[in-house]
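Student: Could you take me through one part of this model slowly, looking at how a sheet and its helices fit together? I would welcome the neighbouring pieces too.

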Amino acid sequence: MLSQVYRSGFQPFHQRLLPWVQSTALSRSPADRVQPSTIRHVRSWSNIPFITVPLSRAHGKSFAHRSELKHAKRIVVKLGSAVVTRGDECGLALGRLASIVEQVSVLQNQGREMMLVTSGAVAFGKQRLRHEILLSQSVRQALHSGQNQLKEMAIPVLEARACAAAGQSGLMALYEAMFTQYSICAAQILVTNLDFHDEQKRRNLNGTLHELLRMNIVPIVNTNDAVVPPAEPNSDLQGVNVISVKDNDSLAARLAVEMKTDLLIVLSDVEGLFDSPPGSDDAKLIDIFYPGDQQSVTFGTKSRVGMGGMEAKVKAALWALQGGTSVVIANGTHPKVSGHVITDIVEGKKVGTFFSEVKPAGPTVEQQGDMARSGGRMLATLEPEQRAEIIHHLADLLTDQRDEILLANKKDMEEAEGRLAAPLLKRLSLSTSKLNSLAIGLRQIAASSQDSVGRVLRRTRIAKNLELEQVTVPIGVLLVIFESRPDCLPQVAALAIASGNGLLLKGGKEATHSNRILHLLAQEALSIHGVKEAIQLVNTREEVEDLCRLDKMIDLIIPRGSSQLVRDIQKAAKGIPVMGHSEGICHMYVDSEASVDKVTRLVRDSKCEYPAACNALETLLIHRDLLRTPLFDQIIDMLRVEQVKIHAGPKFASYLTFSPSEVKSLRTEYGDLELCIEVVDSVQEAIDHIHKYGSSHTDVIVTENEKTAEFFLQHVDSACVFWNASTRFSDGYRFGLGAEVGISTSRIHARGPVGLEGLLTTKWLLRGQDHVVSDFSEHGSLKYLHENLPVPQRNTN
């Protein structure tokens with residue numbers, strides 16, 4: 001009876017899964033599902049944006065760079081045993097499989113030709129056979145053994161080929177059920193080594209696969225584990241002889257070359273290939289692996305299931321690479337990335353280890369990060385006079401090499417003509433006056449850097465002969481990403497030198513020629529004291545998003561560019577602080593007691609002097625009493641002469657019979673000769689408006705009433721708040737900082753224009769003589785003094 005109960009409640013695993021798979025997919029609305037009748041006409045999944053990319057290419061040579069992977073037309077995805085099976089190695093990881101099927105379906109519906117090489121039959125069959133063994137015990141034995149003994153009944157070792165035979169049909173049924181939800185048909189192909197060694201069988205296999213791909217069917221290929229030679233007498237902890245994963249690695253490589261595929265993705269349970277066994281202290285993920293590099297790699301232990309290990313995967317990958325197929329080895333089990341690992345690889349993102357035959361001429365970005373780290377540490381140990389000497393030399397080079405710099409910049413300007421908007425072209429342009437101003441600013445930085453690093457901020461006598469100091473130190477390695485601003489490079493370089501920080505620079509491609517010569521000059525200046533490598537210019541095809549993931553080598557990211565760039569970096573940064581502001585929505589409030597002579601000068605300078613700057617005026621708030629007054633007319637006339645387009649705020653528009661175009665949003669950074677004008681009833685309303693629509697960058701009040709001005713200064717919560725001064729003063733050079741790495745609107749560490757001080761942090765130095773904490777206990781011999789000691793005076797000359 002007990003046996004009957006067990007059997008009546010048991011269903012094959014794939015049958016129990018089908019309702020779950022169907023309910024998951026059917027939860028999409030009918031409009032979200034591709035109907036079978038449409039599959040012949042469209043190759044897209046309606047719930048995924050259709051991406052049109054040029055997919056065809058001549059096979060024979062692998063892709064040289066990750067960015068080219070988006071052009072892959074034919075792709076093989078190999079799923080290792082560790083990816084397909086659960087952690088207990090008995091049954092399948094359904095969540096991961098569903099995610100993988102979805103990603104493969106998305107790529108298939110983009111017009112690509114996808115093939116799967118999958119493990120998992122043994123694990124699936126093992127689960128089914130375990131059930132059968134339990135259920136086949138006699139009722140009498142079960143009743144007489146007792147419930148506790150029943151739970152402890154020994155399950156015999158299950159032969160792997162039998163498990164494969166029992167699991168193969170169920171595994172395929174599962175794949176079919178999942179792919180059907182995306183209107184994609186799948187077909188199973190079981191192969192052995194003979195199918196590749198026998199020429200006739202090889203041609204048959206090739207023809208079958210090509211026909212399936214032609215009909216938009218995803219082939220699911222596996223070694224026929226039910227008939228392979230017996231495995232080695234080695235068993236895993238769960239009692240199943242291990243089926244060599246190496247067979248599927250070599251199968252995937254052979255299949256990729258045989259079918260002339262563009263890309264082979266090998267998913268395992270590690271992030272990729274490491275320079276030493278994963279998990280060891282010094283292990284580093286290898287971003288790009290080149291033929292011949294295997295001599296410098298130490299292979300670790302095998303995967304938790306299978307016998308292939310990473311060494312087998314590398315050999316298979318190199319074989320496929322030699323055959324003209326690009327290869328990426330990545331982690332298909334990590335819960336944070338497995339849901340998009342395949343699509344990320346195809347999009348060219350920095351995932352796993354990419355195998356390439358083309359070795360770049362220069363160092364990788366990881367190597368540059370290491371060089372910047374070590375160079376920065378050497379830079380920090382120099383005497384202040386030596387760092388100042390480097391900066392002075394760089395300032396001299398900017399003027400001495402003026403002609404070469406301007407010639408390189410001319411090339412950038414010619415190439416950017418017609419491709420960049422006018423404000424960006426203006427930022428890109430260098431001139432003699434700009435270079436002279438840069439040189440002056442650099443000399444200011446050199447003068448202020450004399451006691452920046454190692455300055456004592458606090459001294460405390462903890463106890464007799466136990467003294468504590470807090471001193472300034474560099475942050476570490478800075479990553480500065482900038483657009484269309486070649487003049488940013490020497491400024492940031494000088495600040496990094498003065499603060500003893502290593503520096504990675506990533507400039508926009510529109511300033512390639514200018515950035516290259518300015519970086520060479522910076523390294524020439526650094527060479528006078530042997531720290532040339534402290535500043536690195538990233539010239540590889542690294543995407544900004546990939547750079548933002550290098551949390552182990554970058555300590556602070558500083559974006560210099562558009563608000564969109566800053567937002568993208570803030571979103572992409574993984575565990576790395578970002579210093580900057582996403583928008584520069586600067587306000588000027590014209591009070592009812594404002595001076596007629598001052599207002600037009602201040603508005604013109606704030607808006608028209610350099611409208612593309614982040615500290616340019618974007619919203620002008622006018623007190624209601626000033627409407628229809630000569631002062632208001634003068635402001636409007638001046639803006640008309642300067643050809644500033646006016647956008648009316650809601651309240652301002654209500655006062656006008658014929659108003660300018662009403663503003664679409666009061667939270668807009670125009671970056672051009674455009675200005676929003678709004679009316680407020682009081683200084684408090686102006687403050688409220690700024691807090692609601694501003695970006696905490698720079699805000700100004702124009703008034704002759706000192707009490708009103710001080711109220712504004714104290715209550716506006718922005719990085720820079722001015723009285724009767726242009727918004728354009730919000731700048732490191734104008735503040736006397738020499739230069740700035742940017743303007744920060746964050747509320748910790750640094751705020752406003754960030755100069756030398758903002759690139760420093762602190763550390764604590766404790767000097768004692770055999771002091772231990774137990775001496776200060778209740779019955780100890782020492783007492784805490786905590787006396788403040790005088791701090792050495794800072795040299796301000």
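Tutor: Here is a walk through one sheet, the helices around it and then a few other parts of the model.

A word on the ground rules: this is a predicted model, where local features need pLDDT of at least 70, side-chain atom pairs count only at pLDDT 80 or more, and totals for chains, interfaces and linings use all residues. Residues are numbered from 1 along each chain as its sequence is written, and side-chain values use heavy atoms, with hydrogens and water left out.

Let's start with the sheet itself. It is an open sheet of 4 strands in the order β13-β12-β11-β14, with parallel pairing. Strands here are DSSP runs of E with at least two residues, helices are runs of H or I with at least four residues, and both are numbered from the N terminus. Two strands pair if DSSP finds at least two bridges between them. At the edges you will find β13 (535-537) and β14 (556-560), each pairing on one side only. From one strand to the next, the twist averages 20°. In the middle of the order, strand β11 (residues 477-482) and strand β12 (residues 502-507) run parallel and are joined by 6 bridges. If you want a place to rest your eye, V480 has L505 in β12 as its bridge partner.

Now for the helices that pack on this sheet. Helix α14 (residues 365-381) touches β11, β12 and β13, and its direction makes about 140° with that of β12. Helix α19 also packs on the sheet, touching β11, β12, β13 and β14, with its direction at about 170° to that of β12. Contact means heavy atoms within 4.5 Å. For the angles, axes are lines fitted to C-alpha atoms, for helices over the stretch in contact, and the values run from 0 to 180 degrees between N-to-C directions.

Stay with α19, since it also has helix partners to look at. Two packed helices are described by the angle between their axes and the distance between the axes. Helix α19 (residues 488-499) packs with helix α20 (residues 512-526) at an angle of about 25°, their axes 10 Å apart. The two are therefore roughly parallel to each other; angles under 35 degrees count as roughly parallel, over 145 as roughly antiparallel, 65 to 115 as roughly perpendicular and the rest as oblique. The crossing of α19 past α20 is right-handed, a term used when the near helix is turned clockwise from the far one by less than a right angle, with anticlockwise making it left-handed. From α19, the residues L489, P490, A493 and I497 meet N515, L518, H519, A522 and L526 of α20. Sorted by class, this contact has 7 nonpolar, 2 polar and no charged residues. Ala, Val, Leu, Ile, Met, Phe, Trp, Tyr, Cys and Pro count as nonpolar, Asp, Glu, Lys and Arg as charged, and the others, Gly among them, as polar.

Next comes helix α15 (residues 384-400), which packs with α19 at about 165°, with the axes 9 Å apart. That makes α15 roughly antiparallel to α19. Their crossing is right-handed. Here R387, I390, I391, L394 and L398 in α15 meet P490, A493, A494, I497 and A498 in α19. The class count for this contact is 9 nonpolar, no polar and 1 charged. Notice that P490, A493 and I497 are among the α19 residues listed in the contact with α20 and in the contact with α15.

For the neighbouring pieces, turn to another open sheet of 4 strands, with antiparallel pairing in the order β23-β10-β9-β24. Its edge strands, β23 (760-767) and β24 (787-789), each have a single partner strand, so one side of each is left without a neighbour in the sheet. Strand β9 (residues 456-463) and strand β10 (residues 466-474) pair in the antiparallel sense over 6 bridges, and R459 stands opposite E469 in β10.

Finally, a side-chain pair: R202 and E258 meet in a salt bridge (2.8 Å, N to O), the term for a side-chain nitrogen of Lys or Arg within 4 Å of a carboxyl oxygen of Asp or Glu. This pair links distant parts of the chain, 56 residues apart, from helix α10 (residues 199-214) to helix α11 (residues 245-258).
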